[in-house]
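User: Please walk me through how the labels in this model are earned. I want each value set against its cut-off.

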Amino acid sequence: MSALNRSGVNVDFYGVEDYLGEEDRALVAKVRAFVDSEVTPIINEYWEQADFPYQILPKFGELGIIGTAIEGYGCPGLTRLQAGLVAMELSRGDGSINTFNAVHSGLEMGTINLLGSDEQKQRWLTQMAKLEKLGAFALTEPDHGSDSVALESSARLDGDHYVLNGSKRWIGLGHVADLVIIWARDTADDKVKAFILEKNEDGSYPSGYHAEAIQGKIAKRAIQQAQITFEDLRIPAENKLEKSQSFRDVGAVLNRTRSTVAWESLGHATAAYEAAVQYASERVQFGSPISHYQLVQNKLANMLADLTAMQLVCFRAGALQNEGRLSNEQASLAKMFTGDKARQLCRDSRDLLGGNGLLLENHVARHLTDMEVVHTYEGTDFIQSLIVGREITGVSAFKR
């Protein structure tokens with residue numbers, strides 16, 4: 001069986017696996033084996049409980065993927081293509097598991113690696129690569145989602161500490177993380193900068209930091225996001241990331257992770273397509289498997305066309321990123337296109353499964369609801385289209 005295909009379902013119609021080397025194939029096989037043995041058998045239970053299966057973290061850490069593309073500090077130094085393959089395979093199993101890695105390795109560790117001093121990188125990345133400390137990335141605020149540049153959280157230097165006040169929302173792991181990057185506006189120059197909150201030695205949070213998991217989500221239920229408030233929270237001045245100087249640095253971080261979100265969409269779409277093909281071949285109605293009917297074959301053909309287009313976009317984006325040539329606009333196009341197509345493909349899969357598509361045991365419902373999240377975060381479909389539209393027309397439509 002090829003690296004990308006499994007369960008007898010051909011998901012590699014245009015042979016994109018030809019672009020994978022032996023290390024790439026081995027990585028895909030390793031991550032998939034972990035997902036199949038450690039995640040799939042238990043994830044529905046944790047989805048219903050709205051809790052993360054923390055017991056899998058020791059084996060997760062042994063995979064050698066924490067930190068993804070970061071080099072040194074105990075990180076694997078994966079290529080951008082390999083980082084995408086990891087996101088695809090984790091999401092093919094479950095979106096919450098991929099989000100854990102995306103937050104910890106991509107946003108938290110990626111920010112430290114990009115904006116931290118050598119001392120800060122050594123201080124934090126080494127522990128995070130071993131999953132000895134978990135990280136979170138606190139940017140989004142209750143009143144500022146897409147308009148994140150307008151964030152209101154403030155940081156005021158007071159002696160050898162910064163005093164932070166404000167609130168954040170939808171912060172993955174924000175209520176359990178050992179290290180939380182808080183983006184706040186420095187009152188001295190009105191510039192947005194990054195500050196790292198650390199837990200106390202006893203595992204508690206410093207005075208002034210209050211975080212609780214958001215309840216009632218319909219998606220990504222196996223990982224919690226936090227509502228955070230901080231009131232006169234004191235963070236040592238040495239914990240400001242040395243190279244964070246303005247909101248432009250936020251964009252630099254997100255532009256590196258946005259293409260990985262496209263790979264996540266591909267993972268959800270792949271799982272949903274596999275489920276649809278398998279179900280159509282087994283489900284008998286009116287005396288024949290439903291795969292024998294014209295409307296079903298038409299639906300499957302269009303699903304495969306969209307899946308193939310997503311693969312081509314992701315693989316090309318990965319190649320460009322490896323070469324340092326992926327523009328912000330190209331990353332936005334990849335996220336916009338795959339997010340939309342994967343969302344629809346998951347809906348089509350749910351439709352083909354009929355009522356059985358609503359059952360967690362068939363897994364499609366998780367991928368369907370998770371795509372509602374992926375379609376929104378790290379830049380909604382609307383925002384991505386405006387970034388691409390600005391590139392097309394030369395006119396910015398963000399503020400009119």
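**Labels and their cut-offs**

Analyst: Helix 8 and helix 9 are roughly antiparallel to each other. This is a predicted model, where local features need pLDDT of at least 70, side-chain atom pairs count only at pLDDT 80 or more, and totals for chains, interfaces and linings use all residues. Residues are numbered from 1 along each chain as its sequence is written, and side-chain values use heavy atoms, with hydrogens and water left out.

User: Why are helix 8 and helix 9 called roughly antiparallel?

Analyst: Helix 8 (residues 294-322) and helix 9 (residues 328-353) pack at about 155 degrees, with axes 10 Å apart. Angles over 145 degrees count as roughly antiparallel, under 35 as roughly parallel, 65 to 115 as roughly perpendicular, and the rest as oblique. The pair therefore earns the label.

User: Which residues of helix 8 and helix 9 make the contact?

Analyst: Contact means heavy atoms within 4.5 Å. Among them are Leu-300 and Met-303 of helix 8, and Phe-337 and Leu-345 of helix 9. By class, the contact has 14 nonpolar, 3 polar and 4 charged residues.

User: What makes strand 6 mostly covered?

Analyst: Buried means under 20% relative accessible area, exposed over 50%, partly exposed in between (1.4 Å probe, protein chains only). In strand 6 (residues 179-186), 8 of its 8 residues are buried.

User: How do you know that strand 6 and strand 7 pair, and in which sense?

Analyst: Pairing takes at least two bridges found by DSSP. Strand 6 and strand 7 (residues 191-198) are joined by 8 bridges and run antiparallel. Asp-186 has Lys-191 as its bridge partner in strand 7.

Notes. Axes are lines fitted to C-alpha atoms, for helices over the stretch in contact, and angles run from 0 to 180 degrees between N-to-C directions. Helices (H or I, at least four residues) and strands (E, at least two) are DSSP runs, numbered from the N terminus. Ala, Val, Leu, Ile, Met, Phe, Trp, Tyr, Cys and Pro count as nonpolar, Asp, Glu, Lys and Arg as charged, and the others, Gly among them, as polar.
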